[in-house]
Amino acid sequence: MRFGNGFKLNGAKAFVVDGHVADLLIVAARSAGSPGERDGVTLFLVDPKTKGIATERTAMVDSHNAARVDFDNVEINADHVLGEVDQGFALLEGVLNIGRGAVASEMVGLSEEVFGRTVSYLKERKQFGKPIGEFQALQHRAAQLYIDIEITRAAVLKALQTLDGDFENAAAAVAVAKARAGSTATRAVQEGVQMHGGMGMTDQFDIGFFMKRARTCEELFGDANFHADQLARRKSY
């Protein structure tokens with residue numbers, strides 16, 4: 001909220017990636033309007049050592065570092081504003097879309113790696129005297145996963161091309177890519193774990209680590225449900 005010639009920040013931010021070691025924090029705060037409105041959001045560049053800021057290191061399910069940052073009557077002046085007052089949403093959304101494109105790309109790579117390892121295992125593991133990859137049910141599941149990955153790759157490539165060529169209008173393509181990448185990565189790791197059997201669930205085997213990373217990436221910058229909702233809202237405008 002506005003305070004004198006500056007602003008006063010109150011609230012908390014959770015799962016700030018590597019927030020415990022950040023030299024500066026970009027804080028999105030509502031300076032006007034009501035929750036849910038695009039106007040009225042301002043971005044601030046804040047020193048985490050400023051009085052009233054408390055940072056707690058946390059760990060996500062994939063063991064990557066994050067932080068919870070609490071703001072208790074943190075006083076800052078107008079020099080800390082990044083961009084224009086009340087007009088920070090577009091800048092924030094643009095930066096988040098770049099992050100979403102990057103995470104979606106990571107999830108495509110993750111899905112491919114899990115798929116490759118799983119197919120190799122299907123060719124090696126034998127049951128009833130033959131490789132389990134010869135069983136039709138497993139072949140169908142592997143084929144469907146391959147199709148999903150290829151479709152997702154195309155969606156992510158389209159999103160990245162749109163970010164490069166038409167940045168201001170990339171939101172829809174990025175939402176499709178992030179939603180699709182999250183769903184595909186989730187399916188890939190679930191199939192990978194199931195097709196590897198009981199050992200797929202153990203920390204002594206890498207597939208479980210891929211599942212943890214996929215779960216984190218799915219939630220980062222909005223999961224599939226969030227982006228599906230964003231697409232539905234865009235159609236209703």
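What share of the contacts between residues at least 6 apart in sequence join residues at least 24 apart? In this protein chain, that share is 66%. Keep in mind while you look around that this is a predicted model.

## The overall picture

The protein chain contains five helices and nine strands. Reading from the N terminus, the order of elements is β-β-β-β-β-β-β-α-β-β-α-α-α-α. If you want a feel for the dimensions, the C-alpha trace spans about 80 × 40 × 25 Å along its principal axes. Of the 237 residues, 38% count as buried.

## Helix packing around H3

Helix H3 is a good place to start, and the table collects three of its packing partners.

| Helix pair | Angle between axes | Axis distance |
|---|---|---|
| H1 (residues 89-124) and H3 (residues 171-195) | about 25 degrees | 8 Å |
| H2 and H3 | about 155 degrees | 9 Å |
| H3 and H4 (residues 207-219) | roughly 160 degrees | within 9 Å |

Let us take H1 first. Its angle with H3 is about 25 degrees, and angles under 35 degrees count as roughly parallel, so H1 and H3 are roughly parallel to each other. The crossing of H1 past H3 is left-handed. On the H1 side, the residues that meet H3 include Asn-97, Arg-100, Gly-101, Val-103, Ala-104 and Met-107, and further along H1 Leu-110, Ser-111 and Val-114 are among them too. From H3, the contributors include Ala-171, Val-174, Ala-177, Lys-178, Ala-181 and Gly-182, as well as Ala-188 and Met-195. Sorted by class, the contact of H1 with H3 has 15 nonpolar, seven polar and two charged residues.

Next comes H2, whose angle with H3 is about 155 degrees. That makes H2 roughly antiparallel to H3. H2 also passes H3 in a left-handed crossing. The contact of H2 with H3 is made up of 16 nonpolar, five polar and five charged residues.

The H4 packing follows. With axes crossing at roughly 160 degrees, H3 and H4 are therefore roughly antiparallel to each other. Their crossing is left-handed. H3 brings Lys-178, Gly-182, Ser-183, Ala-185, Val-189, Gln-190, Gly-192 and Val-193 to this contact, while H4 brings Ile-207, Phe-210, Met-211, Ala-214, Cys-217 and Glu-218. By class, these residues divide into eight nonpolar, four polar and two charged.

Some H3 residues turn up in more than one place. Lys-178, Gly-182, Ala-185, Val-189 and Gly-192 are among those that meet H1, and these residues also take part in the contact with H4.

## A closer look at Asn-97

Which residues does Asn-97 contact, leaving aside its neighbours within four places in sequence? Those residues are Leu-163, Ala-171 and Val-174. Asn-97 itself sits in helix H1. With a relative accessibility of 7%, Asn-97 counts as buried. Ala-171 and Val-174 are among the H3 residues that H1 meets.

## Salt bridges

How many salt bridges does the structure hold? The count is 13, and a few of them are worth a visit.

Arg-100, one of the H1 residues that meet H3, pairs with Glu-93 through their side chains, at 3.2 Å from N to O. Is Arg-100 buried or exposed? Its relative accessibility is 5%, so Arg-100 counts as buried.

Asp-148 takes part in two salt bridges that you can follow from H2 to H3. One is with Arg-180, where the closest N and O atoms are 3.3 Å apart. Because Arg-180 lies in helix H3 and Asp-148 in helix H2 (residues 136-165), this pair ties together parts that are 32 residues apart in sequence. The other is with Arg-187, with the closest N and O atoms 3.2 Å apart. Here too distant parts of the chain are linked, with Asp-148 in helix H2 and Arg-187 in helix H3, 39 residues apart.

There is also a network: Asp-62, Glu-106 and Arg-213 are joined by salt bridges that share partners.

As for exposure, Asp-148 counts as buried at 9% relative accessibility. Its two partners count as partly exposed, with Arg-180 at 28% and Arg-187 at 33%.

How values were computed:
Residues are numbered from 1 along each chain as its sequence is written. This is a predicted model: local features need pLDDT of at least 70, side-chain atom pairs count only at pLDDT 80 or more; totals for chains, interfaces and linings use all residues. Side-chain values use heavy atoms; hydrogens and water are left out. Axes are lines fitted to C-alpha atoms, for helices over the stretch in contact, and angles run from 0 to 180 degrees between N-to-C directions. Helices (H or I, at least four residues) and strands (E, at least two) are DSSP runs, numbered from the N terminus. Angles under 35 degrees count as roughly parallel, over 145 as roughly antiparallel, 65 to 115 as roughly perpendicular and the rest as oblique. A crossing is left-handed if the near helix is turned anticlockwise from the far one by less than a right angle, and right-handed if clockwise. Contact means heavy atoms within 4.5 Å. Ala, Val, Leu, Ile, Met, Phe, Trp, Tyr, Cys and Pro count as nonpolar, Asp, Glu, Lys and Arg as charged, and the others, Gly among them, as polar. A salt bridge is a side-chain nitrogen of Lys or Arg within 4 Å of a carboxyl oxygen of Asp or Glu. Buried means under 20% relative accessible area, exposed over 50%, partly exposed in between (1.4 Å probe, protein chains only).
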